[in-house]
Amino acid sequence: MKERYEFAEIEEKWQKKWAAEDIYRVPDSGGRPKYYCLEMFPYPSGKLHMGHVRNYSIGDVLARFLTMRGYSVLHPMGWDAFGLPAENAAIKHGNIHPAVWTYENISAMRAQLKQLGLSYDWNREIATCHPGYYRWTQWLFLQLYKHGLAYKKEAAVNWCPSCATVLANEQVKEGSCERCSATVEKRELNQWFFKITKYADRLLDDLKLLEGWPEKVRIMQENWIGRSEGAEINFPVDGSDDVMTVFTTRPDTIFGVTYMILAPEHPLVEKLIQGRPEAPEIRDFVNKVRSLSELDRTSTESEKIGLFTGAHCVNPLNGERVPILVANYVLLEYGTGCVMGVPAHDQRDFEFARKYNLPIKIVIQPEGEALDPDTMKEAYSGEGLMVNSGKFNGLAKKEGIRSVIEYCEEKGIGKGVINFRLRDWLISRQRYWGAPIPMIYCDKCGIVPVPESQLPVELPMDVEFKNTGRNPLADHPSFVSATCPQCGGPGRRETDTMDTFMCSSFYYYRYTSPRDGDHVWDDEKVRHWLPVDQYIGGVEHAILHLLYSRFFTKFLNDIGLVPNVEPFTRLLTQGMVLKDGSKMSKSKGNVVSPEDIVATYGADTARMFILFAAPPERDLEWSDQGVEGCSRFLNRVWRLVAPLAGILESGSSPDTGKLVGVDREMHRLTHGAIKKVTEDIGGRFNFNTAVSAIMEMVNGLYQYREVPETDRDPAVLSEAVEALLILLAPFAPHVTEELWQGMGRSGSVHLQPWPEYSQEAVSEEEVTIVVQLNGKIKERMLVPADITPEGMKELVLSRPSVREMLEGKNVVKVIPVPGKLVNIVVK
RNA sequence: GCGGGCGUGGCGGAACGGCAGACGCGCUGGACUUAGGAUCCAGUGGGAGCAAUCUCGUGGAGGUUCAAGUCCUCUCGCCCGCACCA
């Protein structure tokens, strides 16, 4: 073997060989237990970044480890290939079609992934923009439509002026477009939605099943779904047949209502003000609110403004006549779009009432405290007994809520309801580069689905991309014109495409049957592989992709297409890769390119560093010097192992009982490392400490090598080196393969069984324990490892130095901790 | 405002409630060398001491415990998510 570690040569050589021998192909059946290890597939931007390297290195170590542990591991890769950047590139450069741009990027990125030596079964590669894939995206849309879960409605939706398309609620962050940060506007449009709200309850309840998910993500989803229990109660409008229905979580405070508020956009507003002197001013106000951006509209910061409509409502419980107002802090989208104002017991109402001098009426009195409407500084929302509430007086909050709801239900003026913050998923996009929504509009028959036999509805390639903000599909006559599948008459094709999150909501099922042209996937294969055992990706998808995928899975389970109710049993959200304390970005100029690192140090070093520098879920600070260190380590391994080629025996397993001295030490170190690495990868995903255990082993081997050959057992060295290469193989697949096969071992190191550690080899005959006096360390001593706690106590107390130390002191208690210490408590 | 996370050497980070700082980086010294920014060996939390050793030390203040970086209460700082949700 060469004296020097030539990473470039080695990495290229083995990548070619692995591909030629197809060693990462995984069969769909076989005697081994299955494991589905999945990393979030990337958008093919054309360039891999460090976040990808981290994501895929983590997955690769796991997949390789589990394969060596005897599992049949499904470890696929593909492309989330529809999306705006491709189309924007086409608009900007004019002469490049999004498809060409995308496929070129895929080629470039695939090459980069292959350079990292990742163990994907490339036979299963998919791209969501391929008609063979999006045909099934459309097919699933039709299934949702068939089951009443895809529908079209006119609604105020989020519009991103820069992306020239609508967005789902989940894709708006603090009033801005999640992709481009432009301020999002509201527009009234007729759009396609998925009824994810039908699954709100199950999406919430089943979070309990996801014990393998980070709590953080579960809480985020819980908050996003936002279940709240309460009641809807009808307030008749005074002098009209209209009714204001409010949603409230505090029906026990209904006697404290001193005014009612409608959201400015509420349809009832116009009806109430017609012909009243207040009308012009209110219309003005409503228009002003409507024109606000989403951010300004919902910001907690903005001042609460309200106007009296001139109309009144009647409280159905006590008959009191209260004014109806319009105020900017009431949102049309949530609940019923109107609320009852209870200033005494709701902080927002309180601030509003103080500002406009509206009356404050106490109806909940906390025990041992007297609330006074004139002097109170904030609303009281805690526990207490109902007062000023007629026959409900004396009831505590919880019973009060129940009793008022019961009463309302009896009288037919209200009912208990559960409200969710989750909205239906808006999936229409006014853009070209997405899967066309397979629907046809017919003047005679209305909205008609494209028959499944006519799928896919293919994207036309002869399209012009202009910066007009118009979807080019709408300007493509032969795409638009269609025949109505129902009556055979002329029809118009839907020109909106689907949100790309739809494409990524089921790709992990499609990996099981990537080329199946007859079915969305093979039933047996899905039953074999699913659910995904381990999913790995960034936390930025905590709500978006992960919630949509859960929704899809529940639907697919309902219609019998998948066996599982949750898609991902375990989830690992990896931290960001930082440089100089902040996220790598072009604008900050702190980007480290994976290509450069691989070219300078090799893929093995890049992988080692990124796994060693921090535990996977934590943010990772990039360090060029840290990379040097990993490179140095691999060189150190090379210099240790390469000269031993041909010297070492194969498959040595020394007899633990016969080993003494340095041989016994080295043997123990080897098995200790096997134990640690196995537990750190398999149990807690602490790859950083697994690597450090391997480093310790290498340090030990350097020491051991110094021992004269005649004084050491060759079997111990062979065993150690063999174990070293296997333990290191998931992290640094190329250099370990080169050394393994260079030593004359047959077969790939990656197909070797993972070593088992021997308990006997790991255990010590003697251990150092600590003697503590009142918890402070006083001295150390060597004791037999198998000593009893009682024996430990005696041994310590009989020691002359300890007896001297205890002279004149009163021993209160002696606490022996086996293998660790003895603590003597004295007075 | 609500929810979650994190604060440990010069740095990245280790530590089933039981020897704080594994491993790596950096630094210091030595060896090899014409040379080394290569490699190998040794040392490396602060303070005191020639030394054995002593002492302080995990953002801060309390508490539980024989024993706390770890558990509990309060508090400060940073990061992330949600944000007028009735």
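**View 1. Protein residues around RNA strand B in the predicted model.** The strand has 51 residues around it. Thr249, Thr298, Lys304, Arg348 and Arg780 come nearest. By class, this surface splits into 19 nonpolar, 16 polar and 16 charged residues. Helix H22, residues 687-706, gives the most to the surface, with eight residues.

**View 2. Polar contacts to RNA strand B.** Two of the side chains shown here face base oxygens. A polar side-chain atom of Lys304 sits 2.6 Å from one base oxygen of the strand. Lys304 is also among the residues that come nearest to RNA strand B. For Arg421, a side-chain N or O atom is 3.3 Å from a base oxygen. Arg618 contacts the backbone instead: 3.2 Å separates an N or O atom of its side chain from a phosphate oxygen. Which parts of RNA strand B supply the atoms within 4 Å of the protein? Sugar or phosphate accounts for 65% of them, and bases for the rest.

**View 3. Strand E34 and its two partners, E31 and E33.** E34 spans residues 821-826 and is mostly covered, with five of its six residues buried. Strand E31, residues 766-773, runs parallel to E34 and is joined to it by four bridges. Within this pairing, Gln772 has Asn823 as its bridge partner. Strand E33, residues 811-817, runs antiparallel to E34, with six bridges between them.

**View 4. The hairpin of E33 and E34.** Three residues lie between the two strands. Val817 stands opposite Leu821 of E34. In the turn, Gly819 has a positive phi of about 75°.

Technical notes:
Residues are numbered from 1 along each chain as its sequence is written. Chains are lettered from A and ligands numbered from 1 in the order in which they are written. This is a predicted model: local features need pLDDT of at least 70, side-chain atom pairs count only at pLDDT 80 or more; totals for chains, interfaces and linings use all residues. Side-chain values use heavy atoms; hydrogens and water are left out. A residue is near a molecule or strand if one of its heavy atoms lies within 4 Å of it. A polar contact is a pair of N or O atoms within 3.5 Å; within protein, one must be able to donate a hydrogen and the other to accept it, and residues adjacent in sequence count only if both atoms are side-chain atoms. Ala, Val, Leu, Ile, Met, Phe, Trp, Tyr, Cys and Pro count as nonpolar, Asp, Glu, Lys and Arg as charged, and the others, Gly among them, as polar. Buried means under 20% relative accessible area, exposed over 50%, partly exposed in between (1.4 Å probe, protein chains only). Two strands pair if DSSP finds at least two bridges between them.
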